[in-house]
Amino acid sequence: MLHEYRSRRSLSPGGNEKDIPVTVDVEADSWAVTLTPRLAQFVAVARHEHVTRAAQQLGMPQSTLSRSVARLEDDLGVALFARHGRTVSLTAAGRTFLATVERALSEVDRAAESVRADADPAAGKVAFGFLHTLGSETVPELIRAFRADHPRVRFQLVQNYGESMLERLRDGELDLCLTSPVPDAPDLVSRRLDEQKLRLVVPDDHPLASRKRIRLAEAASELFVTLEPGYGLRRITDAVCAEAGFTPKIAFEGEEAETLRGLVAAGLGVALLPPPAVPRPGVAELTVTAPRAFREIGVAWLDGHPDTPPVAAFKRFLLSRRGQLLPR
């Protein structure tokens, strides 16, 4: 369907401004915009087969409803009803139209109920992203503690690396995420919650394995296994090694910290990693005394994005855990 919009102005030969009709093809949207306000009215008349009773159900004057249905038929260019005095019956076109309209209105009802359910203060949904390394212990404990006071709130959980989660925040797929490093971007709000020491992980038969502490510069000649570029922990590893005075020689790159521990246990290199949820055999974990090796963990959300009640409650809960987020 083509519509004309008088939205451009130009000078006429005499020097006066005049409107120029601009023809825009809006077929994909125009039927929905034109017909939607009258679809429920059409369905009511079709079900009652009586304009007066349909008008009573809808709480509107019969004359208004009659005009609305007539306008709907005019817009479509099709007779939807056959008139029989005070009653009406559907034409063949009307029956076809009714079946589709009822499905469409049912979908609208389901969509409305879904978004209302997600925003319910007691039983709504929180889309929450977090780093893989926080998934085995930290996040389950957080949710357990939160649900002590909000037992029916539902969670959609997403584990990923930091940059991917920030993209999903921006796309509206996540409400909140725990990430590291704490992002500094104009479209995001972030709050530091805790910090986590990183350890130098070496094979248990490595010459350094008997040590408890190490200056990172002592590992400058070692082969490192790290996360791939783009991961927050990889950026931190590169920065800490640079502060120690060397660029790490990378033997393997992975996507998950526990996989890196497995590579270390297999003797394929050393790694800077946060503490494991449970001790892993085959490796020794050394405290790094210099430079200070740690990562900050923070929560981020999209600036200006309105929170539903369950999201607001979980955000307040996370902020209340500042300094107590991680197990000690």
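1. Pro181 sits in the loop that connects E7 and E8. The peptide bond joining Ser180 to Pro181 is cis, with omega about -5°. This is a predicted model, and the geometry described in this note should be read as such. A second cis peptide bond runs from Ala290 to Pro291, where omega is near -10°. Pro291 belongs to the loop between E14 and E15.

2. On confidence, the average pLDDT of the protein is 89, and 90% of the residues reach at least 70. The exception to note is the stretch of residues 1–28, where pLDDT stays under 50. For that stretch the model has 41 contacts beyond four places in sequence. Those contacts rest on positions with pLDDT under 50.

3. Overall, the secondary structure consists of nine helices and 15 strands. The protein has 328 residues, of which 41% count as buried. Among contacts in the protein with a separation of 6 or more, 69% are between residues 24 or more positions apart.

4. Strand E7 covers residues 176–179 and includes Thr179. Leu176 and Leu178 point one way from E7, while Cys177 and Thr179 point the other way. This follows a general pattern: in a regular strand, side chains alternate between the two faces of the sheet. In E7, however, both sets are buried.

5. How is E7 paired with E5, and over how many bridges? The pairing is parallel, over three bridges. Phe130 has Leu178 of E7 as its bridge partner. E7 is also joined to E15 by three bridges, and these two strands run antiparallel. Across that pairing, Cys177 stands opposite Ala300 of E15.

6. Thr179 deserves a separate entry. Its relative accessibility is 1%, so Thr179 counts as buried. Not counting residues up to four places away in sequence, Thr179 touches Leu131, Gly162, Met165, Leu166, Glu296, Ile297 and Gly298. Of these elements, helix H6 spans 162–170 and strand E15 spans 294–302.

7. The largest nonpolar core has 37 residues, and the members touching the most other members are Phe128, Phe155, Leu176, Leu178, Phe314 and Leu318. At least two residues of this core come from each of strand E5 (125–130), helix H5 (138–147), strand E6 (154–159), helix H6, E7, strand E8 (188–197), strand E15 and helix H9 (309–320). As a general matter, nonpolar side chains in soluble globular proteins tend to be buried together.

8. Which residues does Phe155 contact, leaving aside its neighbours within four places in sequence? Phe155 is in contact with Val126, Phe128, Ile143, Phe146, Arg147 and Phe314. Two of these, Phe128 and Phe314, are also listed with Phe155 among the core members that touch the most others. There is also a second, separate core of 31 residues; among its members are Leu198, Leu273, Val283 and Val288.

9. Four strands make up an open sheet with mixed pairing, in the order E10-E14-E9-E13. Its edge strands are E10 (213–215) and E13 (271–273), each of which pairs on one side only. From one strand to the next, the twist averages 45°.

10. Within this sheet, E10 pairs with E14 (residues 283–290) in the parallel sense over three bridges. Arg213 has Thr287 of E14 as its bridge partner, and Ile214 has Val288. Strand E9 (residues 199–203) runs antiparallel to E14 and is joined to E14 by five bridges. One bridge partner in E14 is Leu286, which is matched with Leu200. Val288 of E14 thus appears in two places: as the partner of Ile214 and as a member of the second core.

11. Helix H2 (residues 51–58) has Val51, Ala54 and Ala55 as its buried residues. Viewed down the axis of H2, these fall within an arc of 100°, so they line one face of the helix. The exposed residues Gln56 and Gln57 are on the face turned away from the buried side.

12. Both flanks of H2 have a residue with positive phi. Just after H2, Gly59 takes a phi of about 70°. Glu49, in the loop between helix H1 (27–48) and H2, has phi near 55°, a positive value in a residue other than glycine. Glu49 counts as partly exposed because its relative accessibility is 41%.

How values were computed:
Residues are numbered from 1 along each chain as its sequence is written. This is a predicted model: local features need pLDDT of at least 70, side-chain atom pairs count only at pLDDT 80 or more; totals for chains, interfaces and linings use all residues. Side-chain values use heavy atoms; hydrogens and water are left out. Buried means under 20% relative accessible area, exposed over 50%, partly exposed in between (1.4 Å probe, protein chains only). Contact means heavy atoms within 4.5 Å. A nonpolar core is a set of buried Ala, Val, Leu, Ile, Met, Phe, Trp, Tyr and Cys residues joined through side-chain atoms within 4.5 Å. The arc is that of the directions from the helix axis to the C-beta atoms. pLDDT is the predictor's confidence in each residue, from 0 to 100. Two strands pair if DSSP finds at least two bridges between them. Axes are lines fitted to C-alpha atoms, for helices over the stretch in contact, and angles run from 0 to 180 degrees between N-to-C directions.
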